[in-house]
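Here is my note on the model you sent. Keep the structure open and check each point against it as you read.

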Amino acid sequence: MKIFCVGRNYADHAKELNNAIPDEPVIFMKPKSALLQAHTPFYYPEFTNELHYECELVLRVSKNGKYIQEKFGNKYYDAITAGIDFTARDIQDELKKKGLPWEKAKAWDNSAAIGKWIPVQDIKNRNDINFKLNKNNETVQNGNSADLIFGFDYLICYISNFFSINIGDLIFTGTPAGVGELVVGDEIEAFIEEDSIMKLDIK
Ligand code: MG
């Protein structure tokens with residue numbers, strides 16, 4: 001199982017971190033060990049002093065493929081959820097400055113949390129999915145799939161030019177503006193439309 005992540009896929013988020021709007025998708029990966037298992041507590045990692053949440057729509061790959069055409073991209077995932085791409089922002093800033101890979105900031109154990117899956121057939125319009133993140137009951141991020149710079153089907157197509165995609169792989173599709181810091185004791189809750197999809201305490 002592979003976890004693909006997309007960086008800078010909402011213009012307002014690219015701007016808030018002073019990044020240019022990309023002309024092709026920014027792809028990075030997390031290993032299987034990054035996936036926070038259900039009913040497992042999330043602990044603030046000891047190696048960072050600036051843990052950030054990034055709430056994102058996540059696709060579940062349901063078909064194996066390579067060199068997938070964009071027009072068939074929608075056949076390759078069967079469910080969507082909201083998840084958190086946890087980021088050690090202080091470490092990422094250091095690595096970015098030096099032009100080094102991001103794994104230490106992004107791919108550590110339990111850095112990818114996901115919520116309950118919504119089958120795609122239960123989603124009216126994949127290009128108009130509202131999602132949000134609450135921190136301590138206050139909304140801190142609001143997104144809509146309509147605002148993705150690179151949409152789901154294009155991402156499937158693009159990623160599959162470099163990597164085979166396999167059943168069970170996950171694709172974190174990018175975060176909207178509003179990323180921010182977490183401290184021990186915070187509670188975060190992600191929603192798709194009005195449904196609570198995941199809830200997590202930072203321990
Ligand atoms: Mg992200």
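1. Start with Glu54 and Arg89, which are both buried. This is a predicted model, so treat each value below as computed from a prediction. The side chains of Glu54 and Arg89 meet in a salt bridge, with 2.8 Å from N to O. Look at where the two partners sit. Glu54 is in the loop between E3 and E4, while Arg89 is in helix H2, residues 89-98. The two are 35 residues apart, and their contact links distant parts of the chain.

2. Next, find Asp85 and Lys30. Their side chains also form a salt bridge, at 2.7 Å from N to O. Asp85 belongs to strand E5 and Lys30 to strand E2, residues 26-30. Here the partners are 55 residues apart, and again distant parts of the chain are linked. Are these residues buried or exposed? Asp85 is buried, and Lys30 is buried as well.

3. A third pair is Arg60 with Asp78. The salt bridge between their side chains spans 2.9 Å, N to O. Arg60 lies in strand E4 and Asp78 in strand E5, so this pair ties together parts that are 18 residues apart in sequence. Arg60 has a relative accessibility of 28% and counts as partly exposed. Asp78 is partly exposed too, with a relative accessible area of 28%. The cut-offs explain the label: buried means under 20%, exposed means over 50%, and partly exposed is in between.

4. Now step back to the salt bridges as a group. How many does the structure hold? There are 7 salt bridges. Some share partners, and these join Lys30, Glu54, Asp85, Arg89 and Lys106 into one network.

5. Turn to the magnesium ion. Which residues are its protein donors? They are Glu54, Glu56 and Asp85. The glutamates give OE atoms and the aspartate gives OD, at 2.0 to 2.1 Å from the ion. In sequence, the donor residues follow the spacing E-x1-E-x28-D. Glu56 lies in strand E4 (residues 55-61) and Asp85 in strand E5 (residues 77-85), so this pair ties together parts 29 residues apart in sequence. Both Glu56 and Asp85 are buried. Note the overlap with the earlier points: Glu54 and Asp85 are magnesium donors, and Glu54 and Asp85 also belong to the salt-bridge network.

6. Trace the open sheet next. It has 3 strands, in the order E6-E3-E12, and the pairing is antiparallel. Strand E6 (87-88) and strand E12 (180-181) are the edge strands, each pairing on one side only. Strand E3 covers residues 51-53 and pairs with E6 over 2 bridges, in the antiparallel sense. To find one contact, start at Leu51: its bridge partner in E6 is Ala88. As background, strands of a sheet pair through backbone hydrogen bonds, either parallel or antiparallel.

7. Thr48 deserves a look. This residue is in the loop between E2 and E3. Is Thr48 buried or exposed? Its relative accessibility is 2%, so Thr48 counts as buried. The side chain of Thr48 makes a polar contact with the side chain of Asp90, at 2.7 Å. A polar atom of the Thr48 side chain also lies 2.9 Å from the backbone nitrogen of Glu50.

8. On the surface, check the nonpolar patch. Met29, Phe162 and Phe163 form it, and together they have about 270 Å² of accessible area. Phe163 sits in the loop between helix H4 (152-160) and strand E11 (170-172). With a relative accessible area of 30%, Phe163 is partly exposed.

9. Last, check two backbone angles. Asn18 has a positive phi of about 60 degrees, although it is not a glycine. Asn18 is in the loop between helix H1 (11-16) and E2. Its relative accessible area is 72%, so Asn18 is exposed. His39 has a positive phi near 60 degrees, and this residue is not glycine either. His39 is found in the loop between E2 and E3. At 84% relative accessible area, His39 is exposed.

Methods:
Residues numbered from 1 in each chain as written. Predicted model: local features only at pLDDT ≥ 70, side-chain atom pairs only at ≥ 80, totals over all residues. Heavy atoms only, no water. Donors = N, O, S within 2.8 Å, 3.2 Å for Na, K, Ca; no water. Helix = DSSP H or I, 4+ residues; strand = E, 2+ residues; numbered from the N terminus. Buried < 20%, exposed > 50% of the residue type's maximum accessible area, 1.4 Å probe, protein only. Pairing = 2+ DSSP bridges. Salt bridge = Lys/Arg side-chain N within 4 Å of Asp/Glu carboxyl O. Patch = residues over 30% accessible without salt bridge, like charges linked within 9 Å, V, L, I, M, F, W, Y side chains within 5 Å. Areas by Shrake-Rupley, 256 points an atom, 1.4 Å probe, with all protein chains shown as cover. Polar contact = N/O pair within 3.5 Å; in protein donor to acceptor, adjacent residues only side chain to side chain.
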